[in-house]
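Grab a coffee and pull up the model. Below are a few exercises, each with a worked solution to follow step by step.

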Amino acid sequence: MSLSVHICERTLNSSRSNQLGLREDGRPLKRILIVKLSSLGDVVMTLPSLMALRNSFPQAKIDWMVEPANVDILSTHPMINSLLVSTRPEALKL
């Protein structure tokens with residue numbers, strides 16, 4: 001599974017993430033949005049990436065966009081600041 005963090009039209013691969021939680025320009029990363037809408041298995045398999053993001057960017061606000069069917073799994077996760085619930089057609093308009 002590959003995970004990329006999109007920052008200001010640039011992409012940092014998670015394997016190259018700065019261990020200090022800084023962007024390439026030296027500023028701290030403030031917000032991260034994980035978009036993994038459906039498929040229970042895919043959502044569960046993304047959880048280790050959430051832990052890696054939190055460890056790499058401890059000061060960042062991490063939000064997750066998910067479909068209603070997967071809200072129960074993520075709603076109480078301590079590493080997620082906000083859970084955005086959306087149906088697929090609206091989410092694809094991002």
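**Exercise 1: Overall make-up**

What percentage of the 94 residues of the protein count as buried?

Solution. Keep in mind that you're looking at a predicted model. Start with burial: 33% of the 94 residues count as buried. Next, the surface: the protein exposes about 6,200 Å², and carbon and sulfur atoms supply 55% of that area. Then tally the secondary structure, which gives 3 helices and 5 strands. Walk along the sequence and these elements come in the pattern β-β-β-α-β-α-β-α. Finally, look at the contacts with a separation of 6 or more: 52% of them join residues 24 or more positions apart.

**Exercise 2: The sheet**

Work out the strand order of the open sheet of 3 strands, and say which strands stand at the edges.

Solution. Take the pairs one by one. Strand 3 and strand 4 pair in the parallel sense over 5 bridges, and here Arg31 stands opposite Lys61 of strand 4. Strand 4 and strand 5 are also parallel, paired over 4 bridges; Val66 has Val85 in strand 5 as its bridge partner. Put the pairs together and you get an open sheet with the order 3-4-5. Strand 3 and strand 5 (82-85) each have a single partner strand, so they stand at the edges with one side lacking a neighbour in the sheet. As for twist, neighbouring strands of this sheet are turned by 20 degrees against each other on average, direction ignored.

Now add the helix. Helix 1 packs on the sheet and touches strand 3 and strand 4. The direction of helix 1 makes about 165 degrees with that of strand 4.

How many of the 6 residues of strand 4 are buried? The count is 5, so strand 4 is largely enclosed by the rest of the structure.

**Exercise 3: The nonpolar core**

Find the residues that touch the most other members of the largest nonpolar core, and the element with the largest share of it.

Solution. This core has 14 residues, and Ile32, Ile34, Leu50, Trp64 and Leu74 touch the most other members. Now sort by element: strand 3 (31-35), helix 1 (40-56) and strand 4 (61-66) are the ones that give two or more residues to the core. Helix 1 provides the largest share, with 4 residues.

Then zoom in on Trp64. Leaving out residues up to four places away in sequence, the contacts of Trp64 include Ile34, Val43, Thr46, Leu50, Leu74 and Leu84.

**Exercise 4: Two buried polar residues**

Is Thr46 buried or exposed? And what about Glu67: buried or exposed?

Solution. Begin with Thr46, which is found in helix 1. Its relative accessible area is 4%. The cut-off for buried is under 20%, so Thr46 is buried. Look for a polar partner next: a polar atom of the Thr46 side chain lies 2.7 Å from the backbone oxygen of Asp42.

Glu67 sits in the loop between strand 4 and helix 2 (71-74). Run the same check: with 15% relative accessibility, Glu67 counts as buried too. Last step, a distance across the chain: Glu67 and Leu37 are 30 residues apart in sequence, yet C-alpha to C-alpha they are 5.0 Å apart in space.

Definitions and conventions: Residues numbered from 1 in each chain as written. Predicted model: local features only at pLDDT ≥ 70, side-chain atom pairs only at ≥ 80, totals over all residues. Heavy atoms only, no water. Buried < 20%, exposed > 50% of the residue type's maximum accessible area, 1.4 Å probe, protein only. Contact = heavy atoms within 4.5 Å. Areas by Shrake-Rupley, 256 points an atom, 1.4 Å probe, with all protein chains shown as cover. Core = buried A, V, L, I, M, F, W, Y, C linked by side-chain atoms within 4.5 Å. Pairing = 2+ DSSP bridges. Axes fitted to C-alpha atoms, helices over the stretch in contact; angles between N-to-C directions. Polar contact = N/O pair within 3.5 Å; in protein donor to acceptor, adjacent residues only side chain to side chain.
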